[in-house]
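Visitor: Please take me through one part of this model at close range. I would like to see how its sheet is put together and what packs against that sheet.

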Amino acid sequence: MTDQHHAVEVIMTKRDGGELHDEQIDWVIDAYTRGVVADEQMSALAMAILLNGMSRREVARWTTAMLESGDRLNFSALSRPTADKHSTGGVGDKITLPLAPLVAACGVAVPQLSGRGLGHTGGTLDKLESIPGWRASLTTAEMLDQLQEVGAVICAAGEGLAPADKKLYALRDVTGTVESIPLIASSIMSKKIAEGTGSLVLDVKVGSGAFMKDLDRARELAETMVALGYDEGVRTVALLTDMGTPLGRTAGNALEVRESVEVLAGGGPDDVVELTLALAREMLACAGREDVDPADRLADGSAMDVWRRMICAQGGDPDADLPVARHTEVVPAPATGVVTRLDALAVGTAAWRLGAGRPRQGEPVHHGAGVEIHARPGERVREGEPLLTLHADEPKRFDRARSALDGGIEVSPAEPGGTGGGGSASSDPGYRRPPLILDRITA
Ligand code: URA
């Protein structure tokens, strides 16, 4: 059979709801990576997978084939265990920034290969690149040295890790085939397993600002990824966490770095601190270090010390001024009462339109741009007081950012008995905030 007949047979098998054999999966991933299977054939196959799904065996084999399309790093020579965290992406999700140095300060090395943002969710590398001098690209030898010396590395994934996924993810992005559980799970896990971590904690986001809008689909994604981790010998746990509203009080690169440094200094918003500590505890438990309490390492400044060393090791200046946008515009509270809704997708899209995100892969971001949140759900506001501040380098961006917020903000009358409005960002006792951590999935 020729390669082209083989490709068409694989597509038709999935189109008709059949299961692919292991050899077919190995062949199609390898042939696509080598350019023998064309983009249009892979798009058709990805769409058939999105519509008809994959069995557990197929997803596991697909993941292994993508993993084997490139290199696999090995950190077994390090003197401490390794653990990493992956978030499926959300608005204001700066957790990696305080988390990596915190876990390193507790004695577990964190090798974190991150990406740049696309669409309304931010990318960790974009955030760190707002620190003057900081560089994202490291060689494997530099990464190993930094892990040994400092204990934490956040850097760009090299070209050699899961190249099949790089090609396939870019294709899925332009063919409407991102939202498939087997394709998302295999994409994330092939990269994370290739990165060589001993344990992995997944933060699977649920809600308007996440890929997974509802809890059942998020749970299915988490269960699939946890099982894939165990199949490949990586201890894996997942938390399902709320992404109906942004995390913390900022969305945008330099704004989020500033907030992360506040957390490392012992302050910062409650939800960012809560999630950072919860994920740190999971990472430490997976790595066999439940004896250490990460809250102590935040309080005693040792996580901040690791942060400073981690930034310096990659050429950054932790004391340098961060970029500030040239213009700001205030969004006032529409009424007096309690903020009952601040939609994550609306805020993420506004930040993106302000310049914090990139419209197309490869384009630059504006590091100072984004949204600052003065009142979060559950907090009281008075009509006309600042609810948000928009930051942008170009004033023409404000109108489109404001229109992204239409329908995304609700302020309801305060409960009788509250002090009624006033006092910026005081919490209303009558408002029940949804839990941040919704579920925990283990193998
Ligand atoms: N992130 C990834 O790395 N891959 C996906 O498919 C979706 C999110």
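Guide: What follows is a walk across one sheet, strand by strand, and then to the helices on it.

This is a predicted model, in which local features need pLDDT of at least 70, side-chain atom pairs count only at pLDDT 80 or more, and totals for chains, interfaces and linings use all residues. Residues are numbered from 1 along each chain as its sequence is written, and side-chain values use heavy atoms, with hydrogens and water left out.

Helices (H or I, at least four residues) and strands (E, at least two) are DSSP runs, numbered from the N terminus. Two strands pair if DSSP finds at least two bridges between them.

The sheet is open and has four strands. Their order is β6-β9-β11-β7, and the pairing is antiparallel. At the edges lie β6 (250–251) and β7 (327–332), each of which pairs on one side only.

Start at β6. Two bridges join β6 to β9 (residues 370–373), and these strands run antiparallel. Here Thr 250 stands opposite Glu 372 of β9.

Next comes β9 with β11. Four bridges link them, again in the antiparallel sense. Ile 373 faces Leu 388 of β11 across this pairing: the two stand opposite each other.

Now β11 with β7. Six bridges join these two, and they run antiparallel. Thr 328 has His 391 in β11 as its bridge partner.

How buried is β11? Six of its seven residues are buried (under 20% relative accessible area, with exposed over 50% and partly exposed in between; 1.4 Å probe, protein chains only). The strand β11 is therefore largely enclosed by the rest of the structure.

Now the helices on the sheet. Contact means heavy atoms within 4.5 Å. Axes are lines fitted to C-alpha atoms, for helices over the stretch in contact, and angles run from 0 to 180 degrees between N-to-C directions. Back at the pairing of β6 with β9, which has two bridges, helix α15 (residues 344–356) packs on the sheet and touches β6, β9 and β11 (386–392). The direction of α15 makes about 135° with that of β9. Helix α16 (residues 397–404) also packs on the sheet, touching β7 and β11. Its direction makes about 30° with that of β7.

So where do the two helices share a strand? Both reach β11: α15 touches it, and α16 touches it as well.
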